[in-house]
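Visitor: I would like a close look at a single part of this protein. Please show me the model, and then I will ask about one place in it.

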Amino acid sequence: MAILKMARMGHPVLRQAAKRVEDPTAPEIQRLVRDMIETMDDADGTGLAAPQVHVPLRVVVFYVARDRQNEEEEEGQGGLEVPLTVLVNPELEPLTEEQSLGPEACLSLPGLAGQVPRFTRVRYSGVTPLGEPIEREAEGFHARVVQHEFDHLDGFLYPQRMSDLATLTFTSEIGRGVE
Ligand code: NI
């Protein structure tokens, strides 16, 4: 197990499309995933994509705690926790054209946060490193996390999805009044 070095905005690995994994059950993928989970936990992150640790492969890990999901749940699931999930070669399909604005941060842009529009309901799928298929529907913060992480696999960071860059903020400045 190892904590991996984080790529930050501007590094070319974050701007390229990541490659499909030929064998999701390969030992090197299992090792990568273990290290990604340790790295995400150490950084107190919600999700992590392999390009963020300088590995240009289509692998993501994420975990949505119940209280986070409640923050962006308008109706429906009532804030279900999403267990630690590992997806290799994931796919995503919006289930609505409706988008909502919500705050996002990213371990590759430390100290920053911004308001990002995302589809409110999506379906996603992928395989685990054990070769098991996963298919889920997601809404609220869960849907947001998945769209954020999958975007990393196509070379997009959340500021590229923002509709108003004026909301890009250092988190240490949030709550400061006008002076
Ligand atoms: Ni990110």
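Visitor: Which element supplies the largest share of the lining of the largest pocket, and how many residues does it give?

Guide: It is α3, with six residues. Let us follow that helix through the model.

First, the ground rules. This is a predicted model, where local features need pLDDT of at least 70 and side-chain atom pairs count only at pLDDT 80 or more, while totals for chains, interfaces and linings use all residues. Residues are numbered from 1 along each chain as its sequence is written, and side-chain values use heavy atoms, with hydrogens and water left out.

Helix α3 covers residues 140-153. Helices (H or I, at least four residues) and strands (E, at least two) are DSSP runs, numbered from the N terminus.

Start with the metal. Three protein donors hold the nickel ion: Cys-106 through SG, His-148 through NE2 and His-152 through NE2. They lie 2.1 to 2.3 Å from the ion. (Donors are N, O and S atoms within 2.8 Å of the metal, or 3.2 Å for Na, K and Ca; water is not among the atoms, so sites may look incomplete.) Along the chain, the donor spacing reads C-x41-H-x3-H. Both histidines, His-148 and His-152, belong to α3. They sit four residues apart, about one turn of the helix. His-148 and His-152 are both buried (under 20% relative accessible area, 1.4 Å probe, protein chains only).

Now the largest pocket. It holds about 460 Å³ of space. It has 21 lining residues, and Gly-45, Thr-46, Arg-68, Ala-105 and Phe-141 are the closest to its centre. (A pocket is an open set of points on a 1 Å grid, where a 1.4 Å probe fits, with protein on both sides within 12 Å along at least five of seven lines; lining residues have an atom within 4 Å of a point. A volume is the space filled by probe spheres set on the points.) Strand β4 (99-104) joins α3 in giving at least two lining residues. By class, the lining has ten nonpolar, six polar and five charged residues. (Asp, Glu, Lys and Arg are charged; Ala, Val, Leu, Ile, Met, Phe, Trp, Tyr, Cys and Pro are nonpolar; the others, Gly among them, are polar.)

The second largest pocket has a volume of about 260 Å³. Its lining has 14 residues. Nearest its centre lie Leu-92, Gln-147, Phe-150, Asp-151 and Arg-161. Again α3 gives the largest share, here four residues. β3 (82-94) and β5 (112-119) each add at least two. This lining has six nonpolar, two polar and six charged residues.

Phe-150 also appears in the largest nonpolar core. That core has 17 residues, and Phe-150 is among those with the most contacts inside it, along with Val-60, Phe-62, Leu-87 and Tyr-124. (Such a core is a set of buried Ala, Val, Leu, Ile, Met, Phe, Trp, Tyr and Cys residues joined through side-chain atoms within 4.5 Å.) Two or more residues each come from β2 (59-64), β3, β6 (121-127), β7 (133-139) and α3. The largest share, six residues, comes from α3.

Take one last step to β6. Its covered face has Val-122, Tyr-124 and Gly-126. Its uncovered face has Arg-121, Arg-123, Ser-125 and Val-127. β6 pairs in the antiparallel sense with β3 over five bridges, and with β7 over seven. (Strands pair if DSSP finds at least two bridges between them.) Arg-123 is the bridge partner of Glu-93, and its own partner in β7 is Glu-137.

How values were computed: Buried < 20%, exposed > 50% of the residue type's maximum accessible area, 1.4 Å probe, protein only.
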